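User: Hello! I am new to this structure and would like to learn how to read it. Could you take me through a few features, one at a time?

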Amino acid sequence: MTTGPVCVVGAGPAGSMAALGLSAAGVACQLLERNTEPKNKVCGEFLSPEAVARLDALSFPWLQAGATPVRHVRIESHGATVGMPLPFEALSVSRCFLDAWLLGQAKGRGVDVQTGVHVKDVVRTETAFELRTSDGGLQVKTLVLATGKQALGRFHPRTGADGASLVGWKMNFDHVGAALAEALRETLGLFFFDGGYGGISVEGEGTLTVSLLVLPAVLVQAGDEPLGLLRAIAPGVPLLQMVLRESQPVWDRPKTVSNLPYGHCDQETQAGLFAVGDQFAVLPSFTGTGISFAMASGSLAAEHIAAGLPACAYAVEARAMARKVLRRALPLHRWLPKPAFARVAMWALRWAPPLLPWVARTTRVPALKKAKSAA
C-alpha cells in the first residue's frame, strides 16, 4: 500500500477540470484513468454556454475540434413538430476530442496522469481512503471521485430520485444526406416517445449522434437488432425517420449504459471525499447541463481543496448548483415520456412559445463564486 497526494479518479470533464484546478493552485495531484485512450461515451456532445465559457478560459481549440453552433431546437413527439430558437448559443463537440484535449492539458500542466489504471473499489478507513487498483493499493486522505455515471464497486452508492433506473443508448452516424444535414443545421433535435426521450445533434461535418434514455422494458421489447429501438420509435419522430433513411451507423452496435440514477443528488458527505459530476448529481439529460455541471463541480472541488475547506462545504455549493437544475427539470424528466403529458406539452409550446426559453434559462448551471480560504 503506497501513499499518494490528492487523488482524482476518472479523466472525464469533471476529473480533468479538478486536476487542472489543483495544478493551477500548486496542489500535488494524481489523476487515475482506467482507459488508455478516450472512448466514445453515452453523451449528447452538447456544450451549454457555461461550459463553452469555461473552455474558452482554457483556450480550447474550437476550430480543430470541429465545433458546430447550436442556435435552434426542434422538438418532436407522436408525429407533432415544434421548432424555435434557443435563448442562447451552444456548441456541439465530439466527446472523445474533448476528453483527450482536457487530459492532454492536465499532463502538460504537471498533473501526474496514469492511464490504464482501473480502480476496482475504495474502502474508507478511519484516516484515509484505500484504493484497490489494477496496479496495487493506494492510500490517500483526499479523494476526488469523477467516474461518471458508473458506480465504483460498492463505494459511494447512488439511487434515482424516484427509484427508477434508465438505460442510456447512443449511436453515431455518418454519410449524412443533404436534407437531413439541412434539417439539423445549427439545430438540436429533441424527441419524446412512450417510455423515454432522446436527442440528435451534429457531431462534426457529415456526422451526427443520436442519444436516448429509455426504460429497460422498452429496450427489451425493441429486440437485439442494432437499430431496432430507433425503428420502433421512428414512426412518431420525423427526424429519426430521416436519420434511418439518410445516414449510416458508424458502429456495429450502439453504446449503452444501464442503471442511471437520474435525480440523484448527494445528501451526505464523507470527510475528504469530493464527488464531482455525475458522481455527485445526475441531472436530466434534456437540459444539456451534464458537461457544464461536470466541469463546474470539478473546478469547485479543486478550489475548496486548495483553500483547505472541508468536503461538506464543497457539497453545500455543489448541491445548490444541482438543485437549481433539478427543481424544474426533474418533473419534466419524469412526465415527458408519458404520451398524454407529451401531447399537452407540445400543444402548450405551440400556443405559448416563451415556455421553452423559460425552461432553458431556468435550468442552467449558475456561475461559481470563488471558495474562501480556511485561513
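Analyst: Gladly! A useful word to begin with is "buried", which here means under 20% relative accessible area, while exposed means over 50% and partly exposed lies in between. Please keep in mind that this is a predicted model.

User: Let us try that word on a pair. Are Glu45 and Lys170 buried or exposed?

Analyst: Both Glu45 and Lys170 are buried. They also form a salt bridge, with 2.8 Å between the closest N and O atoms. This pair links distant parts of the chain, 125 residues apart: Glu45 is in the loop between strand 3 (29–33) and strand 4 (46–47), and Lys170 is in strand 12 (residues 166–174).

User: What is the general idea behind a salt bridge?

Analyst: Side chains of opposite charge can pair when their charged atoms come close. The cut-off used here is a side-chain nitrogen of Lys or Arg within 4 Å of a carboxyl oxygen of Asp or Glu.

User: How many salt bridges does that rule give?

Analyst: The count comes to ten salt bridges. One to look up joins the side chains of Arg95 and Asp99, at 2.8 Å from N to O. Arg95 and Asp99 are four residues apart in helix 4 (residues 95–108), so about one helical turn separates them. Both Arg95 and Asp99 are buried.

User: Which salt bridge could I look at for partly exposed partners?

Analyst: Try Glu225 and Arg231, whose closest N and O atoms are 3.6 Å apart in a salt bridge. Glu225 has a relative accessible area of 39%, so it counts as partly exposed. Arg231 is partly exposed as well, because its relative accessibility is 46%. Elsewhere, Lys41, Arg95 and Asp99 are joined into one network by salt bridges that share partners.

User: Now for helices. How do I describe two that pack together?

Analyst: Two packed helices are described by the angle between their axes and the distance between the axes. Take helix 1 (residues 13–24) and helix 4: they pack at an angle of about 20°, and their axes are 9 Å apart. Angles under 35 degrees count as roughly parallel, so helix 1 and helix 4 are roughly parallel to each other. Their crossing is left-handed.

User: Which residues of helix 1 and helix 4 meet?

Analyst: From helix 1 come Pro13, Ser16, Met17 and Leu20, and from helix 4 come Arg95, Leu98, Asp99, Leu102, Leu103, Gln105 and Ala106. By class, the residues in this contact of helix 1 with helix 4 are seven nonpolar, two polar and two charged. You will recognise Arg95 and Asp99 from the salt bridge above.

User: What is the angle between helix 2 and helix 9?

Analyst: Helix 2 (residues 49–57) and helix 9 (residues 290–306) pack at about 50°, with 8 Å between their axes. That angle makes helix 2 oblique to helix 9. Helix 2 passes helix 9 in a left-handed crossing. The contact brings together Glu50, Ala51, Arg54 and Leu55 of helix 2 with Ser292, Met295, Ala296 and Ser299 of helix 9. Sorted by class, the contact of helix 2 with helix 9 has four nonpolar, two polar and two charged residues.

User: Can we look at one of those residues by itself? What does Ser292 touch?

Analyst: Leaving out residues up to four places away in sequence, Ser292 touches Ser48, Glu50, Ala51 and Val365. Ser292 lies in helix 9. Its relative accessible area is 2%, so Ser292 is buried.

User: And where does Phe280 lie?

Analyst: Phe280 is in the loop between strand 18 (273–275) and helix 9. With a relative accessible area of 2%, Phe280 is buried. Not counting residues up to four places away in sequence, Phe280 touches His264, Cys265, Asp266, Ala275, Phe293, Tyr314, Ala315, Ala318 and Arg319.

User: How should I think about separation along the chain and separation in space?

Analyst: Compare two pairs. Phe280 and Leu145 are 135 residues apart along the chain, and 8.6 Å separates their C-alpha atoms. Val123 and Gln248 are 125 residues apart along the chain, and their C-alpha atoms are separated by 45 Å. Val123 itself is found in strand 8 (residues 119–124), and it counts as partly exposed at 26% relative accessibility. Setting aside neighbours within four places in sequence, Val123 is in contact with Ala128, Phe129, Glu130 and Arg132.

Technical notes
Residues numbered from 1 in each chain as written. Predicted model: local features only at pLDDT ≥ 70, side-chain atom pairs only at ≥ 80, totals over all residues. Heavy atoms only, no water. Helix = DSSP H or I, 4+ residues; strand = E, 2+ residues; numbered from the N terminus. Buried < 20%, exposed > 50% of the residue type's maximum accessible area, 1.4 Å probe, protein only. Axes fitted to C-alpha atoms, helices over the stretch in contact; angles between N-to-C directions. Parallel < 35°, antiparallel > 145°, perpendicular 65-115°, else oblique. Left-handed = near helix turned anticlockwise from the far one by under 90°. Contact = heavy atoms within 4.5 Å. Nonpolar A, V, L, I, M, F, W, Y, C, P; charged D, E, K, R; others polar.
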